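Me: Please take me through this structure by question and answer, giving the cut-offs behind each term as it comes up.

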Amino acid sequence: MEPDGYFVTFAGGRRIEIVYSGNNLKVNGDSADADLAHITGSTYSLLLDGISYEIVLAADTVYVNGQPVHVDVKNARAQLIDRYCTTSEASTAATTTLNAPMPGLVLQVAVQPGETVECGQGLLVLEAMKMENELRAPCSGVVTRVCVKVGDAVAKQALLIEVMPLDPEVGVNKS
């Protein structure tokens with residue numbers, strides 16, 4: 001069984017890495033004895049170092065023994081894609097850019113400037129190391145610029161697509 005790795009970010013900003021393979025659980029590199037069993041729907045039973053926990057998954061909240069814990073959970077691929085989707089403040093509104101998470105070849109461009117997209121909608125397919133990677137919209141908005149075409153070879157961090165968010169608060173730095 002291949003290990004499943006996840007990055008969990010808690011509401012206060014605390015971040016941990018969890019790798020689970022068989023009954024071996026590692027949290028930030030430290031091993032723990034664990035057994036995870038699916039009970040029903042979004043309910044799981046976790047036996048961790050001899051202590052039993054009921055886990056219920058619901059959107060951005062995980063309930064542990066009935067207590068809510070607000071988290072953001074991402075696998076390594078989603079974490080990598082997020083790292084290369086950047087936001088910059090323009091003169092009156094923020095523009096979100098989709099950058100190449102790795103060098104590759106553009107196989108498909110699914111949008112054109114002026115199109116409205118939903119958060120998570122597929123925008124582009126990039127082939128890297130003989131794998132097709134669908135890159136998705138980081139927010140809902142209007143495509144303002146497409147910087148590549150099918151057949152283009154792109155470098156890591158190359159600008160691919162710009163999206164003007166529908167929500168004017170997305171990407172605005174309030175510090």
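Reply: Two strands pair if DSSP finds at least two bridges between them, and helices (H or I, at least four residues) and strands (E, at least two) are DSSP runs numbered from the N terminus. This is a predicted model, in which local features need pLDDT of at least 70, side-chain atom pairs count only at pLDDT 80 or more, and totals for chains, interfaces and linings use all residues. Residues are numbered from 1 along each chain as its sequence is written, and side-chain values use heavy atoms, with hydrogens and water left out.

Me: In what order do the four strands of the open sheet run?
Reply: The pairing in this open sheet is antiparallel. Its edge strands, each pairing on one side only, are S14 (131–136) and S16 (153–154). Within the sheet, S11 (residues 104–109) and S13 pair in the antiparallel sense over four bridges. The order of the four strands is S14-S13-S11-S16.

Me: Which residue in S13 stands opposite Leu105?
Reply: S13 and S11 are antiparallel partners, joined over four bridges. The residue of S13 that stands opposite Leu105 is Glu127.

Me: Which strand gives the most to the largest nonpolar core?
Reply: A nonpolar core is a set of buried Ala, Val, Leu, Ile, Met, Phe, Trp, Tyr and Cys residues joined through side-chain atoms within 4.5 Å, where buried means under 20% relative accessible area, exposed over 50% and partly exposed in between (1.4 Å probe, protein chains only). The largest such core has 19 residues, and those with the most contacts inside it include Val117, Leu123, Leu124 and Leu160. Two elements give two or more residues to this core, namely S13 (122–128) and S17 (159–165). With four residues, the strand that gives the most is S13.

Me: How many residues does the second, separate core have?
Reply: Leu25, Leu46, Ile55 and Val62 are among the members of this second core. Leu25 stands opposite Ala32 in S4, while Leu46, in S5, is the bridge partner of Leu36. The number of residues in this second core is nine.

Me: Over how many bridges do S4 and S5 pair?
Reply: S4 (residues 30–40) also pairs with S3, in the antiparallel sense and over four bridges. The hairpin of S4 and S5 has two residues between the strands, and in it Gly41 takes a positive phi near 50°. S4 and S5 (residues 43–48) pair in the antiparallel sense, and the number of bridges is six.

Me: Which residue takes a positive phi in the hairpin of S3 and S4?
Reply: This hairpin has two residues between the strands. The residue in question lies in the loop between S3 and S4, and its phi near 50° is a positive value in a residue other than glycine. At 47% relative accessibility it counts as partly exposed, and its name is Asn28.

Me: Is Lys130 buried or exposed?
Reply: Lys130 lies in the loop between S13 and S14. Although Lys130 is not a glycine, it has a positive phi of about 65°. With a relative accessible area of 80%, Lys130 is exposed.

Me: How far apart in space are Lys26 and Gly5, C-alpha to C-alpha?
Reply: Lys26 lies in S3 (residues 24–27) and is partly exposed, with a relative accessible area of 33%. Leaving aside its neighbours within four places in sequence, Lys26 is in contact (heavy atoms within 4.5 Å) with Glu17, Ile18, Val19 and Ser31. Lys26 and Gly5 are 21 residues apart in sequence, and their C-alpha separation in space is 9.2 Å.

Me: Which residue meets Arg145 in a salt bridge?
Reply: A salt bridge is a side-chain nitrogen of Lys or Arg within 4 Å of a carboxyl oxygen of Asp or Glu, and a search of the whole structure finds three. Arg145 lies in S15 (residues 141–146) and its partner in S17, so the pair ties together parts that are 17 residues apart in sequence. Arg145 counts as partly exposed at 40% relative accessibility, whereas the partner is buried at 18%. The two side chains meet at 3.2 Å, N to O, and the partner is Glu162.

Me: What is the distance between the closest N and O atoms of Arg136 and Glu134?
Reply: Arg136 counts as partly exposed at 42% relative accessibility, and Glu134 is partly exposed at 34%. Arg136 forms a salt bridge with Glu134, and the distance between their closest N and O atoms is 2.6 Å.
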